[in-house]
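User: Hi! I'm new to this one and would love a friendly tour. Could you walk me through it?

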Amino acid sequence: MYDQAAKLRSRVENNGEGSKTRTIAVMSGKGGVGKSNISLNMALTLSGNGYKVLLIDMDIGMGNIDILMGTSPPYTIADFFQNNVGLERIIVSGPQSLHYIAGGTGLSHFIDFEPMHMSRFMDEFQQLLYQYDFVFFDMGAGISEHSSKFILSAEDIIVVTTTEPPSITDAYAAVKHVKLLNDRIPFHFIVNRVQNEKEGKETFQRINGALKKFLGIETAFLGSIPDDQNISMAVKRQIPLVLYNDRSPAAKGIKQVADLLIKPIDDIQSMKKKTNFVANLRRLLFER
């Protein structure tokens, strides 16, 4: 047991967080844009293609990743912070060999991210990272003090919006908030519930144009997801879309986005520099 632990520590120390691991934060402005659905189905698409994927529901107390899959995990991320349940024990195996950590629902009180708990989280998370090709953080709607630190620590940020003006305004405000904390972090956009590809591109161009004009940043477009009745049907049946109907327009759109995430490093703007998620998070949480 000792030898195995020593080898693991050596591997982590030599490789940082694991040279192959990509950490991706999926965020939005306000809720209701389909962010969790997209996070889940992107993760399932990649795991179905043979990649090792961990999806973490960071909407603690109001999570719905497990609900979308129709599962009832024995533990959630709340148990880690409330009841000292080890991180490895709260990871659940889902469809397509996807690993996920549920966010928990109906909590009676707010989870306090005490420094001691966060330090333990980072220590245990560092030991697990090397096992995965992708780690997705499905962030809660909006930006909080603690969620911003997870977002800033990730290698990539995906922003989900719709074509509706309030959603566009909220997405702009969320990006502005993060950008003010770190003006070098890259953003990628997915436009959800579009009527056609043209509408998705035009929506992105509006957001990107405003961000470039007023904040001096240019973002990347990952693609758009069609408005598709199969999504609501899949949600009602608690079956992920790509498993419910993988030939539906929305499922095809999600697969096209997922394909972009596995392209070589130089093909995607944000992948020019690897980052160490745990080191970034530790610095942001404990900096004075």
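User: To start, how many helices and strands are there in the protein chain?
Analyst: The protein chain has 13 helices and eight strands. Keep in mind that this is a predicted model.

User: Got it. And what share of the residues counts as buried?
Analyst: Of the 288 residues in the protein chain, 51% count as buried. You can also look at contacts between residues at least 6 apart in sequence: 78% of these join residues at least 24 apart.

User: Let's talk rings. How many aromatic pairs are there?
Analyst: The count comes to 14 aromatic pairs. One of them is Phe 125 with Phe 277, an edge-to-face pair with 5.5 Å from centre to centre and 70 degrees between the planes.

User: Where do those two sit in the chain?
Analyst: Phe 125 is in helix 6, which covers residues 115-129, and Phe 277 is in helix 13, residues 277-286. They are 152 residues apart, so this pair links distant parts of the chain.

User: Are they buried or exposed?
Analyst: Both Phe 125 and Phe 277 are buried. For Phe 277 the relative accessibility is 0%.

User: How is Phe 277 arranged with Phe 137?
Analyst: Phe 137 and Phe 277 form a stacked pair, 4.8 Å centre to centre with 15 degrees between the planes. Phe 137 lies in strand 5 (residues 134-138) and Phe 277 in helix 13, so the pair ties together parts that are 140 residues apart in sequence. Phe 137 is buried too, with a relative accessible area of 0%.

User: Which residues form the aromatic cluster?
Analyst: One aromatic cluster is formed by Phe 80, Phe 81, Phe 121, Phe 125, Phe 137, Phe 150 and Phe 277.

User: What sits over the ring of Phe 80?
Analyst: That is the charged end of Arg 120, 3.9 Å from the centre of the ring. Arg 120 also forms a salt bridge with Glu 124, where the closest N and O atoms are 3.3 Å apart.

User: How far apart are Arg 120 and Glu 124 along helix 6?
Analyst: They are four residues apart in helix 6, so about one helical turn separates them. Glu 124 is partly exposed, with a relative accessible area of 23%.

User: How many salt bridges does the structure hold?
Analyst: There are eight salt bridges in the structure. Among them is the one between Glu 197 and Lys 201, at 3.4 Å from N to O. Those two residues are four apart in helix 9 (residues 197-215), which again means a separation of about one helical turn.

User: How exposed are Glu 197 and Lys 201?
Analyst: Glu 197 counts as exposed at 52% relative accessibility, while Lys 201 is partly exposed at 39%.

User: And which residue does Lys 212 meet in a salt bridge?
Analyst: Lys 212 meets Glu 218, with 3.5 Å from N to O. Lys 212 is partly exposed at 49% relative accessibility, and Glu 218 is partly exposed at 48%.

User: Back to helix 6 and helix 13. At what angle do they pack?
Analyst: They pack at an angle of about 170 degrees, with their axes 10 Å apart. An angle over 145 degrees counts as roughly antiparallel, so that is how helix 6 and helix 13 run relative to each other.

User: Which residues make that contact?
Analyst: On the helix 6 side they include Pro 115, Met 118, Phe 121, Met 122, Phe 125 and Leu 129. On the helix 13 side they include Phe 277, Val 278, Leu 281, Arg 282 and Leu 285. You'll recognise Phe 125 and Phe 277 from the edge-to-face pair.

User: New topic: where does Thr 161 lie?
Analyst: Thr 161 lies in strand 6, residues 156-162. Thr 161 is buried, with a relative accessible area of 0%. Leaving out residues up to four places away in sequence, Thr 161 touches several others, including Ser 167, Ile 168, Phe 189, Val 191 and Ile 207.

User: Last one: is Gln 229 buried or exposed?
Analyst: Gln 229 counts as exposed, at 60% relative accessibility. You'll find Gln 229 in helix 10, residues 229-237. The C-alpha atoms of Gln 229 and Pro 249 are separated by 9.4 Å, with their positions 20 residues apart along the chain.

Definitions and conventions: Residues numbered from 1 in each chain as written. Predicted model: local features only at pLDDT ≥ 70, side-chain atom pairs only at ≥ 80, totals over all residues. Heavy atoms only, no water. Phe/Tyr/Trp six-rings, centres within 6.5 Å; stacked < 30°, edge-to-face > 60°. Buried < 20%, exposed > 50% of the residue type's maximum accessible area, 1.4 Å probe, protein only. Lys NZ or Arg CZ within 6 Å of the ring centre and 35° of its normal. Salt bridge = Lys/Arg side-chain N within 4 Å of Asp/Glu carboxyl O. Axes fitted to C-alpha atoms, helices over the stretch in contact; angles between N-to-C directions. Parallel < 35°, antiparallel > 145°, perpendicular 65-115°, else oblique. Contact = heavy atoms within 4.5 Å.
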